[in-house]
Amino acid sequence: MAVPLVEMRGITKVFPGVVANDGVNLSIQAGEIHALLGENGAGKSTLMSVLTGLYRPDGGEIYIDGQKVNFRSPRDAIAAGIGMVHQHFRLVGPFTVTENVALGLKGGLRLNLNKLAGEIAALSKEYGLQVEPQARIWQLSVGEQQRVEIIKLLYRHARVLILDEPTAVLTPQEARDLYRTLKKMAARGCAVIFITHKLQEVMDAADTITILRGGKTVATVKKNETSEKDLARMMVGREILWQVSKPAARKGDKVLEIKNLKALNDRGLPALKGINLTVHTGEILGIAGVAGNGQRELAEAIAGLRPCQDGMITVAGQELGQCDPCRVINAGVGYIPEDRLGMGLVPNLGAVDNLLLKEYRHPRWGRVFLNRLAARDWAKELIERFQVKTAGLNAPVKLMSGGNLQRLLLAREISNRPRLLVAVYPARGLDVGATETVHRLLLEQRAAGTAILLISEDLEELFRLADRIAVMYEGEITGLMGVEEARIEDIGLMMAGAKRMEVSA
Amino acid sequence: MAGTSLPGRVPVITWEKRLEPSRLTAVIIPVAAVILALGVGAIFLAATGFNPLKVYQNMLEGVIGSKYGLSETVVKAIPLMLAGLGVSVAFRMLLWNIGAEGQFYMGAFGASWVALTFPHLPAYIMLPAMFLAGIAMGGVWAVLPALPRARWGVNEVITTLMLNYVAILWVDYLVYGPWKDPKGFNFPLTAPFSKAATLPTFAGTRIHLGLVFALLAAVLLAIILWRTRWGYEIRVIGESPRAARYAGIKIERNIILVMLLSGALAGLAGMSEVAGITHRLQHGISPGYGYTAIIIAWLAKLHPATIILVSFLFSGLIVGGYSVQTSGVPAATVSMLQGAILFFVLGGEILTRYRLHFGRKEGK
């Protein structure tokens with residue numbers, strides 16, 4: 001066997017109170033796609049932060065091409081050809097794609113952006129990473145931003161490419177495109193490491209898999225010598241039940257009705273081109289689609305955060321009018337936004353204040369003064385009921401894990417007893433346990449008669465939860481079907497715009 | 001360049017991010033910063049031929065060595081507290097109101113207008129009227145830049161700053177022109193207010209009712225911020241405007257209301273200065289209280305009670321500065337000390353978020 005391109009031996013990293021990595025070994029060959037599998041908190045991200053020079057290990061050694069290295073900063077790691085695409089992208093929002101790639105490039109003061117744009121276009125063509133060099137980052141969907149991150153690394157000739165939960169933001173098609181890109185890179189002698197907790201993804205894309213649990217290496221296995229079930233057992237440390245029982249829908253009255261809805265995206269281009277949809281009580285309507293096809297704009301238009309150009313949205317017979325989030329909340333619409341910590345929660349405030357975010361106007365807390373004692377008791381009860389782990393009722397929520405943040409957010413949105421719940425990528429980035437909880441809560445709401453609009457890029461999730469699935473492509477609904485008659489292949493084609501069916505809402 | 005082997009040198013001191021900002025350091029660092037700033041000041045004083053210990057001793061004596069020094073420190077702290085509280089509310093909502101100085105002048109102008117136009121009012125009408133005129137003018141002066149900010153996003157840093165010059169020049173125009181006291185030997189000041197238009201003072205000192213205004217304002221502000229719905233909205237907007245919009249909080253309306261409150265407090269500072277100390281409107285009524293207030297609000301981390309304490313520190317510096325001027329130390333030295341304190345506190349801020357790690361780790 002050849003000398004591994006990357007070898008980490010006995011890596012230990014201790015944070016105050018936590019041993020994040022405890023003697024972890026990892027060995028990666030050039031030309032392979034290596035999955036780093038583990039639940040949240042298993043130490044995957046820490047291990048990769050050590051490899052990229054972000055953290056210094058408290059113990060252990062790193063070898064690149066058989067030579068021992070000691071990274072003092074990310075700069076050293078980049079010089080050694082190691083690049084990482086973080087879960088939260090490191091991009092400058094107001095800059096263009098080209099400018100973002102140019103950031104941090106060596107080569108003096110001269111900067112030929114046009115030449116660079118050409119090179120980016122060539123790279124994106126070569127690796128199938130579709131992105132427009134002149135677009136500004138804030139205008140791009142999350143999936144497109146990820147491509148920019150990868151292009152950044154390719155442009156810097158990274159030999160070891162690390163991706164932190166890359167498909168959390170992608171659809172099956174986009175994920176498949178990504179896998180294809182990764183394979184091309186591996187074929188050129190790069191090593192690709194991707195961090196994940198999704199078994200399916202591992203089986204689809206990886207050659208070799210290293211499983212971490214509780215900061216320790218459990219095993220390293222070849223893909224064709226293992227199975228999803230084995231991986232799950234090694235990852236979680238116990239057998240897990242996959243079946244989520246879904247009782248039959250008790251579909252009732254129309255709650256949400258959208259007629260000919262048109263809206264613009266942040267770039268001022270049409271994002272919604274006449275959407276017609278209805279959601280009934282006790283029903284989950286799933287919306288499938290590749291990121292950036294108008295899903296975010298649809299959710300924001302319903303939530304009153306984005307002006308409508310045309311058309312109308314009614315909830316329980318009441319028209320929502322123009323862009324007034326307060327009115328939407330009062331109409332009984334709960335909204336779980338895509339960006340939990342950026343929009344749904346206030347990172348520096350405590351759990352009580354965050355739970356109050358939509359409740360504080362309620363007269364029961366007082367008209368002028370906020371009865372904080374009552375609010376605290378109420379919050380405590382919700383936190384217990386939804387099993388949110390907090391560091392204290394008033395500790396900043398940004399200290400909480402992703403799963404707990406989502407529980408807190410759901411606790412608030414559900415405790416309002418919404419008529420309609422709009423959930424955008426509710427399980428994105430959550431581990432198996434937290435995903436189970438989110439799914440269970442959504443199904444409980446469905447059973448309680450809430451109408452749910454579930455926007456997701458995870459088809460598995462849609463098939464598990466939704467009663468009907470609509471497909472969005474370029475701001476239009478290209479398909480709408482009951483989940484029983486839906487086939488993954490058809491939905492995939494509709495998501496890609498290759499097929500459409502006549503839709504009558 | 002395959003196989004780059006990097007040397008195994010490890011620095012002796014490394015930065016490590018704290019998981020949570022440390023509470024202890026949040027207290028120690030400002031104190032250490034003040035001491036360091038005094039140290040830097042000492043070097044400077046020594047270099048310019050003064051004995052730093054002597055100067056500091058004089059300063060200290062000037063402040064706490066006499067009843068006069070102590071009461072002057074309180075007197076100077078009053079406008080600093082009010083203006084500091086004013087800018088702190090705006091800062092809390094990420095509104096960079098640099099205009100406390102102008103709002104102070106307009107508050108002083110409003111109160112003076114009442115006192116000079118209706119000189120025969122009895123005190124129980126005069127003082128409330130001056131109070132209202134002061135906060136109204138200060139508030140209006142802050143709402144002027146708030147409106148374009150709320151509607152079109154016009155940067156308030158520039159507009160509030162520019163309005164300072166307008167306010168100062170407006171008051172200068174009055175005291176050099178139409179309002180000049182004919183019996184004032186041509187000095188730029190108005191005629192003295194009537195007895196009814198002066199704030200009561202305490203126990204034969206110059207400490208006036210403005211102190212009560214300032215303390216009440218701090219309590220009121222704390223109650224508003226942490227006990228009311230409005231305060232909740234202010235805190236949410238300040239922490240995350242996106243979440244505020246998501247929650248249906250009206251950001252534009254709050255920009256105007258918060259700036260109104262901010263300016264009203266600075267205006268009250270101006271009112272209590274003319275009614276409590278000068279008893280007339282005059283040129284240079286504020287020696288930069290509105291700007292010092294920004295430093296105070298920032299050092300106090302926008303917390304009302306801390307603003308009161310820090311205001312005393314800065315007024316002590318001012319008063320101590322006056323007392324050492326008699327021994328030839330230039331007034332600018334005091335400004336330099338203020339600057340040095342701010343510099344060290346903000347510099348030390350990093351220690352509340354990071355920890356220095358000493359010692360050598362493995363690495364051959």
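Let's start with helix α4 of chain A, residues 113-127: its 15 residues reach 21 Å from first C-alpha to last, close to the 21 Å expected at 1.5 Å a residue. Keep in mind that this is a predicted model.

Which residues of α4(A) are buried? They are A:I120, A:S124 and A:Y127. These residues cover an arc of only 80° around the axis, so they sit on the same side of α4(A). The spacing rule behind this is familiar: an α-helix has 3.6 residues a turn, so residues three or four places apart point the same way. The buried residues of α4(A) pack against three helices of chain A, namely α3 (97-102), α5 (142-155) and α6 (172-187). Flip to the face turned away from that buried side and you'll find the exposed residues A:N114, A:K115, A:A122, A:K125 and A:E126. Just after the helix, A:G128 takes a positive phi of about 70°.

Now for the nonpolar interior. The largest nonpolar core has 259 residues, and those touching the most other members are A:V422, A:L454, B:L82, B:A83 and B:M130. Helix α10 of chain B (residues 251-278) gives the most to this core, with 15 residues. Zoom in on A:L454: leaving aside residues up to four places away in sequence, A:L454 touches A:I284, A:L285, A:G286, A:I287, A:A423, A:L442, A:L465 and A:A466.

Last, the contact between the chains, which takes 33 residues from chain A and 23 residues from chain B. On the chain A side, the elements giving two or more residues are β5 (67-69), α2 (74-79), α10 (325-330) and α11 (340-344). By class, that side of chain A has 23 nonpolar, 5 polar and 5 charged residues.

Methods:
Residues numbered from 1 in each chain as written. Chains lettered and ligands numbered in written order. Predicted model: local features only at pLDDT ≥ 70, side-chain atom pairs only at ≥ 80, totals over all residues. Contact = placed C-beta atoms within 7 Å. Helix = DSSP H or I, 4+ residues; strand = E, 2+ residues; numbered from the N terminus. Nonpolar A, V, L, I, M, F, W, Y, C, P; charged D, E, K, R; others polar. Core = buried A, V, L, I, M, F, W, Y, C linked by C-beta atoms within 7 Å. Buried ≥ 20, exposed ≤ 12 C-beta atoms within 10 Å, placed from the backbone. Expected span 1.5 Å × (residues − 1). Arc of directions from axis to C-beta.
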